[in-house]
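Work through the exercises below with the coordinates open. Each task is followed by a stepwise solution.

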Amino acid sequence: MDIEKTKKYYEQLSDEEVCDCTYCQNYVKQIKATYPKLAAYLDEMGVNIEKPFEAIPIAEAEGVMLYSGVQYVVMGKAEDFKDTSIENSEIFITDSHPMTGISEDHFVIEIAPIELKWIMKKVI
Ligand SMILES: [Zn+2]
């Protein structure tokens, strides 16, 4: 992976480009404070935890939202990335994601699962 390129990618990615659906917004608002170790791990890779590529919600129950996975773009080649787990979430490379529209070498990692409080007004 290319940490410098990844940093640049997240720097030029504006908040408006992050998905504005309520599931993603609920995630963005809480993830850093709720999963500090995960935030630190991603930061070392150059990934901004508050700019997910895709958050995949499963279900909300009693004020808790479960995400089956949350995906992030990482620049560079995937070969030096190693699967790991942090704070009860697995981190691995996924091929099952929407088109990124990025032409340079990159890959998508998924963090799964993630559990957060549901702080948005309504669940669709
Ligand atoms: Zn979304």
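**Exercise 1: the zinc site**

Task: In this predicted model, identify the protein donors of the zinc ion and their spacing in sequence.

Solution. Step 1: the donors are the SG atoms of Cys19, Cys21 and Cys24, which lie 2.2 to 2.3 Å from the zinc ion. Step 2: read along the sequence, these donor residues follow the pattern C-x1-C-x2-C. Step 3: partly exposed covers the range between 20% and 50% relative accessible area. Cysteine 19 has 30% relative accessibility, so it counts as partly exposed. Cysteine 21, at 26%, is therefore also partly exposed.

**Exercise 2: the largest pocket**

Task: State the volume of the largest pocket and describe its lining.

Solution. Step 1: the volume is about 160 Å³. Step 2: the lining consists of Lys7, Tyr10, Glu11, Lys32, Ala39, Asp43, Gly46, Val47, Asn48 and Ile49. Step 3: helix H1 (3–12) and helix H3 (36–45) are the elements that give two or more residues to this lining. H1 gives the most, with three residues. Step 4: sorted by class, the lining has four nonpolar, two polar and four charged residues.

**Exercise 3: backbone in two loops**

Task: Which peptide bond is cis, and what is phi at glutamate 87 and asparagine 88?

Solution. Step 1: the bond from alanine 112 to proline 113 is cis, with omega near -10 degrees. Proline 113 sits in the loop between strand E5 (106–112) and strand E6 (114–117). Step 2: glutamate 87, in the loop between strand E3 (84–86) and strand E4 (89–94), has a positive phi near 50 degrees. Step 3: asparagine 88 is found in the loop between E3 and E4, and its phi is near 70 degrees. Step 4: glutamate 87 has a relative accessible area of 26%, so it is partly exposed. Asparagine 88 has 76% and therefore counts as exposed.

Conventions
Residues numbered from 1 in each chain as written. Predicted model: local features only at pLDDT ≥ 70, side-chain atom pairs only at ≥ 80, totals over all residues. Heavy atoms only, no water. 1 Å grid on protein atoms, 1.4 Å probe; cavity = no way out; pocket = protein on both sides within 12 Å on 5 of 7 lines; lining within 4 Å. Points joined across faces, edges and corners; volume = space filled by probe spheres on them. Helix = DSSP H or I, 4+ residues; strand = E, 2+ residues; numbered from the N terminus. Nonpolar A, V, L, I, M, F, W, Y, C, P; charged D, E, K, R; others polar. Donors = N, O, S within 2.8 Å, 3.2 Å for Na, K, Ca; no water. Buried < 20%, exposed > 50% of the residue type's maximum accessible area, 1.4 Å probe, protein only.
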